[in-house]
Structures are given as C-alpha cells and as structure tokens.
Amino acid sequence: MGDILALLFNTAVFAAALRMATPLIFAALGGIFSERSGVVNIALEGMMLIGSFTAMFVSHHTGMPWMGVLGAVLAGLIVGLLHAVFCIRYRANQVVVGTAINIFAGGLTVFLLRYYFGAAGTSPSVATVSDITIPIISQIPWIGRIIGRQNPLVYLAILAVVAAHIVIYKTSWGLRLRAVGEHPRAADTVGVNVYRMRYLAVALSGALAGLGGTYLSIAHLSRFSEGMTAGRGFIALAAVIFGKWTPFGALGACLFFGYADALQMRLQDVGVPTQFMNMLPYVLTMVALAGFIGKSVGPKAAGEPYIKG
Amino acid sequence: MDKVLEMRAITKQFPRVLANDRVDFDLNYGEIHALVGENGSGKSTLMNILYGLYQSDSGEIFVRGKKVDIHEPRVAIDLRIGMVFQHFMLVEPLTVAENIVLGSELRKGPFLDTKRAIQEVEDLSNRYGLRIDPRARIDDLSVGLQQRVEILKALYRGAEILILDEPTAVLTPQEVEDLFKVLLSLKEQGTSIVFITHKIKEVLAVSDRVSVLRRGRKIGTKATAETNEQDLAEMMVGRVVLLNVEKEPAKPGAEVLRIENLTVKDQFGQEKVRGVDLSVRSGEVLGIAGVEGNGQSELVEAIAGLQKAAGGKIFLGEQEITNWSPLRIREAGFGMVPEDRHRRGLVLDYSVADNLILGLHGKKPFVHYGMWRDDKAVYANAEEIIEQYDIRPPVATQPARSLSGGNQQKIVVGREFTQNPRLLICAQPTRGVDVGAIEFIHQQVIAQRDQGAAVLLVSAELDEIFSLSDRIAVMYNGQIVSVMPAAEVTEHKLGFLMLGGRLEDYEAHEVSGNAKQD
C-alpha cells in the first residue's frame, strides 16, 4: 500500500505528467479558440501531426530547433486556414472536413517522410529544444523537482493558458469570439464581422495545435515517427469538453490525462493494464458529457455554418 | 425638414415572392409610426432593408435629408438607427452589460473596461427608466427584461430612430403595458420610433401615425386619431372583417369534461397545478384567463395525457381518462389545438397533407392492413380540409414550414376540428396569427360549440376570452380562482383576479370605490 502511495506522489511522475500534458495543452487551447468561434475542430490530431513533422523537418535542415517551432506554428496555421475555408466559406460539414484533414495529414506526413528520408517508420535524429533550469525555483524542495527543470515548451504551455484566459475573458476580441460562437447573428447585427472572427480563431487553433505537435518530435523525442501523435489530438478535444471550453478547465483536464499517462508505465508493474489507463480520457469525457460532473455545454452555434442575411 | 427618415419606392424580390413592391415610408422626428399588416405582408422585410440586413433591388433611402446606402448593419448603427428584433439578438451566457457593449466595446488598451461598461449601462437605464441589473446573465432574465436589454442596446449606440419588430408578440399583457410606457417616454425624449405589429389595439394605443402593408404593397398611411379598429382591419385584410364573433347564447348539455382535485408536478417536483376542479359541458365554451405560467399549460397537457397527473381524476364523459396515453385519449373523442404549434402541433418538415393526418396516420382509410399507406386517401383528405379551412397556398405537398403562421395554425385547427371531438381544447389558438385568420378560427370554434362540443379555451388574450367564452375561469398560481358567467365579468375585474387578487376583495373594493365616488 505504501508503495502505491509513494508512486502516486512521486515527483518524477508529476514531472513526467507535466511533460505528457504539454502537447495536449497547446492543442486543447487550439480547440477552445476554434469551438468558441463556432467551428468544430476535430482536425486537431492532423494539425498536430503536420506540426510534428514540420518541426522535425525544419530542425533537420537548419539545425536550429526554434526555427522548427516556428515552422510548425506556420504549418499548423496554414492547415487551420484550410479547415476554415472549407467550413466557413464553403459551409462544408465541419466534422467531415476535420476527418478529411486527419486522414490527409496521416498520409502526407508518411509520404514526405519516405520521400525525403527514404526510411520507413522514423526520421533521423534532429536537434531538439533542450531543457532549462529555473534558478531559484529549482531549489525549492519537492516542487522544485517537478517544475524546476523542464523543457521551455512546457513553461510556454502554462503561459499560453494564462494568455488564452486573458484573451477570451478580458479583451474585446474575446467577447466578440464568445458572442460569435453562441449567437453569430446577434454579433452580426451589432457590426461584428462573423466570418473574420472565425477565420482568425480557426487559424489560431491550427497554429496552437501545430505547436503542440512540435513538442513531440523535437522536445520529448528527437525524431518524427509515423502517426506519432497517436490520438493526442482527440484527447485534447476530450480535454476541451471536460474542461468546459475554458483554458484553465482544459489545463486541469490535460494535467490529469498527462498524469494518467505518466502513471501507466509504472502501474504496469503493479498489474494495471496499459489499455485501462489509455481509455481513461475517453471514459471521463463521456462522463462529463452525460452531465455527471455538472453539465458540460459547449458554444451553441458550434458546428453550424453562418449564412448572412 | 421634419422627416428623419424617408424610404422611396423600395422593391425587394425574394425567390418566390415580391416582398416589397415600390413601398414608400417616412418617419417624422419624435413620432411613433406603426407599421401594420398581416404576416408575410412585407413589414419586417422593409425594416430589415433599413437596418442593412437585406439589400433592396431598387428604391432610395434618405436619413435626415441625406441619401444613404445602408449595405450592412454597421452603416445603420452609424446613422443612429437601432433595431429590436422579434427573436432577440442576445448572447445568452453573457451578461447584460456585455451584450449591450458588444461590437462597440469600451476598452483600456486591448482590454475590456468592464467597470465603465457597467457604469454606462446603469446611467443609461436610469436616464430612460429602464431598470436592469447590468451584471445579470441574459438566460436568467424574463422575456420582458430581455427585450429591455435589446432596447438599451440600441440606445447605447445612440439610436435616434428605433425600429421594434413585433415587440409585443412575446410579452404578457403587463409587460406590454410597461413597454408602451417606455416607448412613450422615449418619444418624449426625442426618439423616433417605428413599431411593427399586427395587433390593431396596440396601434391605437401608442402610435401617432399608422401605415398599412398588404402583400408587399403599401395600402395607405393615416393619422391614428383619424382611424379606428374596423377601418384598419379592412385595410390590412382587404375586405370587411368581423372583429367580434357573432354567436347565439350557449345551450349547454351534458357534462363532458370533469376534473376533480387535479395536481400536476413539473420535472423538478414543483406543483404547477394545485387541486383544480373544473367542469365543461357539451355546447359551451369555458375560457381560462390568466397570466402565462400559472399552470394553464400543465393543466392542458395533463388532460391530453402529455404530462402525468400527480393526483386527482379526469373524466371524459362517464369514463375516467386520468393518465391514459395521448392516443387513447384522442380516440375517446378528444381534440386539441396546442399552445405551441411548432413543438406539439406540426412536424414542420412534413407536407401539409401528412400534417393533416397526424394522430390518424395509423388508421383507415389512410392505412390498409396496418401497414400500406394509401396516398390517394391522404391527399383526398388534405384537399378537403385545405378547401374547407382556406389554407393558403392550397398545395398539399408543400412542407408546413413554408406556410405563414396563420396558415400553419389552420392546418392544426382543420385537422383537430374535422374529427368532431367531444372535448376540444384550444390553447392560445390565435397566437401569432393575423387578423383575417383570427376571425376565421374564432368562427370555427363557435361552430364546434354549436355542434355540441365542449370547448376549453386557454388564452392570454383577454379579447379572445371575452369574445368566445360562455363562462370564464381565472387561473392563478396553479389554482382556479373563480368561475363566472361571461356576462358578469369586466376586463378590470379579470385583470384584478389574474394578478392574484381575491374575488371578495374585488367586490369589497368596488363597493367602497363606488361609495367614495358618490
């Protein structure tokens, strides 16, 4: 019993939880921006995957991992715009477009990987964004061992949550974003440009998902491998719902899912199957949607194309 | 220059209808100009063009003497034109203040200045006497208060021309009176108001001038003082309209509906109907008056079997029907015009013909051997009811959604009435229905009564209660306050009882009031 408790509160597990949560946090924030504007984004998975690949690819060619980060953000943004054009301009079914992007991303990254590197499966090792130590914090007992030495992207993810909260709740852009996702016609009648808001939000969503993908290929690992997001885009989506479409709520959900992920390796020794931990995010999402932990209701207009006039 | 707004020869063609046909409209400074017409006569279209939501095909608009091109709402807002929509343009999870400033936010740098927004909304609501809590969330507010927010939204943007699209359609009589007070005080402060409605009484109550549209054309503009109810009704409909139903005194027969100590609870276990006793006899109309939300809906749904009775008994004739299934109750001789035709009365995406057999769809002659649908019988039935109830356009294959409110209601009325039920419930039978159709539906209700049906009428419109009922009951807070012969009821008395007053108090008050006058 004592062993298990020690395991549950192990600082190494907590530190790992934070790392596992990082890509989820970025993608979940992306999901929040998109859905808050009224566009369902199930393409987070594909956007992350393309981000992962691009980060590796740019880092490989420039030797500068931060250029890889930038490249991934741009690539995500472009895929986001693609999603936006189909969903907003052509009013295509948002779930279908998202699914198409996911399949497209899976195929494209495999194709490019084989085309450029010949190798099946994984890319060569590339330069990564390396961990940093925060001087004073790392000295604090216990806490220091969790957050004192981490990857810069981990810190960036936490900052992004705070920033997203401020943008959504404290700025006029955020007010308009929330209005557009709930009642676009109301926003339109007071002169808010619904289409522009949605384009911006979905593009931002793609950029954030791309950033999430970055972490996987040039921070957590130093290479890209086929399908390396492994459903994290969908887990991020689950975190959006579980966190009731709020940045801090999603952060909590991501940390929890990250924790479960970090724990699973160690729990195997105790006899809990990996598959059990893997299904946890989805089970919790269903519980959240069914309303057991307070009703989780999303933006009302999410998924509906807006037609002017 | 005394005109703040002039619209000249506005024409708008929609794919299937000519919504506005060379319509002229003008608005003086500081007047209330009522724009009336039946549903689909082009009132809302005209005002949506003014607000920049639609573009006209031809015609000119002048605001304060200057020709303008209003191609989007932003332009209208900048011209100080504000619009209060029939379906509110409010974002429900946001607060009152947030909704009011949306699109014209007060900012400190990129940040919202929430404190100042709340302050400004408070100032505004004080200035115009429109009290509201700026911090309240929209979805916690009553419909009347939500409309207040809509008006404040327009005023916040400095609206000098205020358009209200059917503002009273969603309000209770009390809220309507409050709204009229607000409009008159706005007018005093210099706001020019366009008031869209199809209720003639309201026109006469608040407007200075009135313009009538019919089928996209303007029929005329008159000073309100120089017109009257009959005159306006004829202009709207294009023929002589009987505003009061002609009827013989009732000849009540045997008791058809008897309710004993009925209790109905809502989903949260709250009692909505609390020990109601009621009796309706064949050949009479019993009208239930009351402010909406006092248990009328639950009472009706319990009789129809759509909600469970928590206690008490309901009899149809000799038979107890408490908590029977809706179908079984219908088959026992029950018909109903539900209060919300979209939710309960129609399947909007079904054709008129299919809507006309709802509830009968498993029966002969529409179905053979319980499985084969007989289209011929379905359409024959449809043609007959369409003709008899004057449903327009007379196309059986059209989806119900594409018909106007009045004609949708005629589908429901036609279907229910042609069954010749023993007990007929009409809940808000003319809500959102225009003058011509109201006249028709009222006549049909009386015809049913004269054929021997027991009619239970529930309405929030006092006029309707008065013109149809033989006896009037008042429902307040889940209880029937009193049942009186219609001849003994005045509007004043009814209003008193509807707000929870007791009959004894009213009579005592009347006596002392009369004594003082002497």
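Helix H3 of chain A, residues 44-62, makes a good starting point, since its length can be checked with simple arithmetic: at 1.5 Å a residue, its 19 residues should span 27 Å, and the C-alpha atoms at its ends are 26 Å apart, which agrees. The model examined here is a predicted one. H3(A) is mostly covered, with 17 of its 19 residues buried. Just after this helix, A:Gly63 takes a positive phi of about 75°.

Chain B can be viewed as a whole before its parts are taken in turn. Its 518 residues include 18 helices and 24 strands. The radius of gyration of chain B is 25 Å, close to the 24 Å that the globule rule gives for 518 residues, so the chain is as compact as a globular protein of that length. The C-alpha trace spans about 70 × 60 × 55 Å along the principal axes of chain B. Buried residues account for 45% of the chain. Among contacts in chain B between residues at least 6 apart in sequence, 67% join residues at least 24 apart.

The two chains also touch each other. Here 18 residues of chain A are in contact with 19 residues of chain B. On the chain A side, helix H8 (172-182) and helix H9 (184-189) each supply at least two residues, and H8(A) gives the most, with 6 residues. This side of chain A divides into 6 nonpolar, 6 polar and 6 charged residues.

Within chain B, an open sheet of 6 strands follows the order S18-S21-S22-S15-S23-S24, with mixed pairing. Strands S18 (334-337) and S24 (479-485) of chain B stand at the edges, and each has a single partner strand, so one side of each is left without a neighbour in the sheet. On average, neighbouring strands of this sheet are turned by 15° against each other, direction ignored. One parallel pair in chain B is formed by S21 (residues 423-427) and S22 (residues 454-458), which are joined over 5 bridges. B:Ile425 has B:Leu456 in S22(B) as its bridge partner.

Helices pack on this sheet as well. Helix H15 of chain B (residues 435-450) touches strands S15 (285-289), S21 and S22, and its direction makes about 150° with that of S22(B). Helix H17 of chain B (residues 491-498) lies across S15, S23 (471-476) and S24, and runs at about 30° to S23(B).

Other strands of chain B pair in the antiparallel sense. S1 (residues 3-13) and S4 (residues 58-63) of chain B do so over 5 bridges, and B:Thr11 has B:Ser58 in S4(B) as its bridge partner. S4(B) also pairs in the antiparallel sense with S5(B) (residues 66-68), over 3 bridges, where the bridge partner of B:Ile61 is B:Val68. The hairpin of S4(B) and S5(B) has 2 residues between the strands, and in it B:Arg64 takes a positive phi near 50°.

A single residue rounds off the picture: B:Ser125, found in helix H4 of chain B (residues 114-127). Is B:Ser125 buried or exposed? A residue is called buried if 20 or more other C-beta atoms lie within 10 Å of its own; B:Ser125 has 21 such neighbours and therefore counts as buried. Leaving aside neighbours within four places in sequence, B:Ser125 is in contact with B:Leu130, B:Arg131, B:Ile132 and B:Leu152. B:Ser125 and B:Val149 are 24 residues apart in sequence, and their C-alpha atoms are 9.4 Å apart in space.

Definitions and conventions:
Residues are numbered from 1 along each chain as its sequence is written. Chains are lettered from A and ligands numbered from 1 in the order in which they are written. This is a predicted model: local features need pLDDT of at least 70, side-chain atom pairs count only at pLDDT 80 or more; totals for chains, interfaces and linings use all residues. Helices (H or I, at least four residues) and strands (E, at least two) are DSSP runs, numbered from the N terminus. The expected span of a helix is 1.5 Å times one less than its number of residues. A residue is buried if 20 or more other C-beta atoms lie within 10 Å of its own, exposed if 12 or fewer, and partly exposed in between; C-beta atoms are placed from the backbone. The radius of gyration is taken over C-alpha atoms; the globule rule is 2.2 Å times the number of residues to the power 0.38. Two residues are in contact if their C-beta atoms, placed from the backbone, lie within 7 Å. Ala, Val, Leu, Ile, Met, Phe, Trp, Tyr, Cys and Pro count as nonpolar, Asp, Glu, Lys and Arg as charged, and the others, Gly among them, as polar. Two strands pair if DSSP finds at least two bridges between them. Axes are lines fitted to C-alpha atoms, for helices over the stretch in contact, and angles run from 0 to 180 degrees between N-to-C directions.
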